[in-house]
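Visitor: I am new to this structure and would like a close look at one pair of packed helices. Please start there and then work outwards to the surroundings.

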Amino acid sequence: MVSVEAVSPHNLVWDTPMMVSAIILVVTFAGIFTEEIHKIHRTKVALLGAAVMVIAGQIFGFYNPDLAIESIDWNVVFLLGAMMTIIAIMIPTGGFQAIAYWIADFSKGRLFLLLLMLGTAVTVFSLLLDNVTTVIIFGPLIVLICQALNINPIPYLLAAALLSDTGGVATLVGDPPNLMIGSAADIDFNTFFLRMGGVVFVAWIATVVALKFIFKKELAIKPEKMKFTGETFLQDKSTWYASLGVLGVMVVLFMLHNTLHWDAWVVAALGMVSMFYIAKSVHMDDVLKEVELPLLMFFLCLFVVVGGVEHSHFLEYIGTFIEPFVRDDLLMACIVLMWVAAFMSAAIDNIPFTAAMIPILLGMEADGVIITPLWWALAIGVGMGGNGTHLGSTANVFIVTLTERLARKEGNPDLAITPGMWIRKGSPVMLLTLSISTVIMWVFFEYFSLPLHAAE
Amino acid sequence: MPCGDAMITEVISARSDQTVAEVLALFEEHNIRGLPVVDKDNNLVGVYNFKHMLMDLMPFPVDEKLKRIHILDMNLDHIAGGKPWVERQLTKLLDKKMSDVMIKEPHYAHESTSLREGIRLLVKYGSPIVVVKKDSMEVVGVVSSQSIVKDLRSLNVSVNKGA
């Protein structure tokens, strides 16, 4: 068995370990991206890929179980798990339902206001919770409100998906790819928000304006006159308000986490511990059942698979081809990365793509290339690219499935968001936000190139 | 005791082409809350009960087992004004055929199935549990919560007498 750990980055040569790890990576990713075709759950595919990578790595001498465990970014896994637990405690209180119905009541039949307020609520929660969770919570509530108003829920559901995808790009914890990027590049919460907040805000405004134009006809109809009472179904008022307090403290701690020398997961874990004591009536078994273990296992396995290609130096090898282009014109490299990441995110899945890009960028950085703005380009691309198709993000898939089930139940196919409808109404929004982000990156390139840490 | 001893043999059933309105009338007339749906040879093709009908009256997605949101107890006592909800849903439901709304692959038992298994099926899948012949799906009876009550009482009496 040949060990390749001592190879110099400048003397990279295509060899057997690289080929083996590359094949395993490509086959695993292909299996994940074609889940809809073969119907094998993506986590099962990732599990198999990880197992094969570890075994092959041991046979060909580039990987082993110890290195596999070291490859896992536990910051991402623990943070996601903690946030899932927090949400599982908050949902039964009825607080999200109260917010949705208060918005429906306040809007008093003014449909654009309803869209704007629901979109804002979804975005605000997406800043702290991952956008998939936010859409899963608000999606069914939006359907209920629209049924009560006797209006088609499609504009509001599409708005929820698009605005949560867009808004989630703004913070370190708003989206799993952001967590992965922030963890790998050691970017703290404040730096992430300062860099991304502005571009996301402008993109968000543009999305809202675009939706008003796209759904002009639907927003002009007169809904049924309904009165929604927001207070009556806060089933557990004290837990809801206390959990909002915990979230507030978590935001402050996220802002301070770098100063405290804490990774982001520590803040989330402390929040989770607090919630368990605040929600005294909650049973741990019931809450922890809601933690999506398949998703967490998916991340674990992805890190193991990517760790394998890292240790074989395959991704570094790929990076050597990209490096001259990056050195030559960093701004163009950022824009190309943003759009490639967006289209990959729209077509397949942003998480594996992010997982694969991170070692490539880190490899270039180790080679002395300045890659700071590339991190932001990657975050924007994978985040906003998800709006491109109905499969671009898990939130989109959930919304589409929700509308299909609604259409089946009501016997009205017009209630379903079809792939064609998404191309007509969602994809233009993705192109618009990406174009805006390109211009902002170009104009403020020096700002995006500022060092990530003060000492640099 | 087998299910064959605890079942009702005079079965009220419906056909696939009957409407929800007609079945609702059967529920009221015979004071039942569920029935098997059969074909022209009296073979079981589905089951429909009152709970299914009530679920169909619920707005989507209240009755859906959706990821994470299923732990939210969606309160519907929040709307005032507008056309009453239940009436609106009922108007759509009453004309639907049994073939569109019934449970298509129902759980069933045989005459020799033990009563404790019958009770387990009742608890897990709801009433009625249809009893069919072993070598075909021909309906011979139903085990329902109503039919069980009498037999549970007679069981209790015989246990006490034995003690």
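**A helix pair and its surroundings**

Guide: Helix α16 of chain A, residues 293-311, and helix α19 of chain A, residues 350-366, have axes that come within 10 Å and cross at roughly 30°. The model is a predicted one. An angle under 35 degrees counts as roughly parallel, so α16(A) is roughly parallel to α19(A). The crossing of these two helices, α16(A) and α19(A), is right-handed.

Which residues of α16(A) meet α19(A)? From α16(A) they are A:L302, A:V306 and A:E310. On the side of α19(A) they are A:I351, A:P352, A:A355, A:A356 and A:P359. By class, the contact of α16(A) with α19(A) holds 7 nonpolar residues, no polar ones and 1 charged. Glu counts as charged, so the charged residue here is A:E310.

Just ahead of this helix is A:V291, in the loop between α15 (284-288) and α16 of chain A. Is A:V291 buried, exposed or in between? A residue with 20 or more other C-beta atoms within 10 Å is buried, and one with 12 or fewer is exposed. A:V291 has 16 other C-beta atoms within 10 Å, so it is partly exposed. Not counting residues up to four places away in sequence, A:V291 touches A:G81, A:M84, A:T85 and A:A88. Compare A:L331: it is 40 residues from A:V291 in sequence, and the two C-alpha atoms are 40 Å apart.

The contacts of A:V291 lead to helix α5 of chain A, residues 74-90, where A:I86 is placed. A:I86 has 26 C-beta neighbours inside 10 Å and therefore counts as buried. Leaving aside neighbours within four places in sequence, A:I86 is in contact with A:G271, A:M272 and A:M275. The C-alpha atom of A:I86 is separated by 9.2 Å from that of A:A269, although their positions lie 183 residues apart along the chain.

A second pair of helices can be set beside the first. Helix α7 of chain A (residues 111-128) and helix α8 of chain A (residues 131-149) have axes that come within 8 Å and cross at roughly 150°. An angle over 145 degrees counts as roughly antiparallel, which is why α7(A) is described as roughly antiparallel to α8(A). Their crossing is right-handed. On α7(A) the contact is made by A:L118, A:A121, A:V122, A:F125 and A:S126, and on α8(A) by A:N131, A:T134, A:V135, A:F138 and A:I142. This contact of α7(A) with α8(A) has 7 nonpolar, 3 polar and no charged residues.

Two residues of that contact return in the largest nonpolar core. Of its 157 residues, A:L118, A:F138 and A:A160 touch the most other members. Helix α8(A) gives the most to this core, with 13 residues. Setting aside residues up to four places away in sequence, A:L118 touches A:I103, A:F138, A:I142, A:Y156, A:A159 and A:A160. Another core lies apart from it, with 26 residues that include B:C3, B:V37, B:L121 and B:I148.

That other core leads to chain B, which has 7 helices and 7 strands. Along the sequence, the pattern of chain B runs α-β-α-β-β-α-β-α-α-β-α-β-β-α. Chain B has 163 residues, of which 28% count as buried. Among its contacts between residues at least 6 apart in sequence, 62% join residues at least 24 apart.

A few details of the backbone remain. Most residues other than glycine have a negative phi, and most peptide bonds are trans. In chain B, a cis peptide bond joins B:S127 and B:P128, with omega about -5°. B:P128 lies in the loop between α6 (115-125) and β6 (129-132) of chain B. In chain A, A:K39 has a positive phi, near 65°. The place of A:K39 is the loop between α2 (35-38) and α3 (42-60) of chain A, and with 7 other C-beta atoms within 10 Å A:K39 is exposed. A:H261 also has a positive phi, near 60°. A:H261 is in the loop between α13 (237-256) and α14 (264-278) of chain A, and counts as exposed because it has 7 C-beta neighbours inside 10 Å.

Notes. Residues numbered from 1 in each chain as written. Chains lettered and ligands numbered in written order. Predicted model: local features only at pLDDT ≥ 70, side-chain atom pairs only at ≥ 80, totals over all residues. Axes fitted to C-alpha atoms, helices over the stretch in contact; angles between N-to-C directions. Helix = DSSP H or I, 4+ residues; strand = E, 2+ residues; numbered from the N terminus. Parallel < 35°, antiparallel > 145°, perpendicular 65-115°, else oblique. Left-handed = near helix turned anticlockwise from the far one by under 90°. Contact = placed C-beta atoms within 7 Å. Core = buried A, V, L, I, M, F, W, Y, C linked by C-beta atoms within 7 Å.
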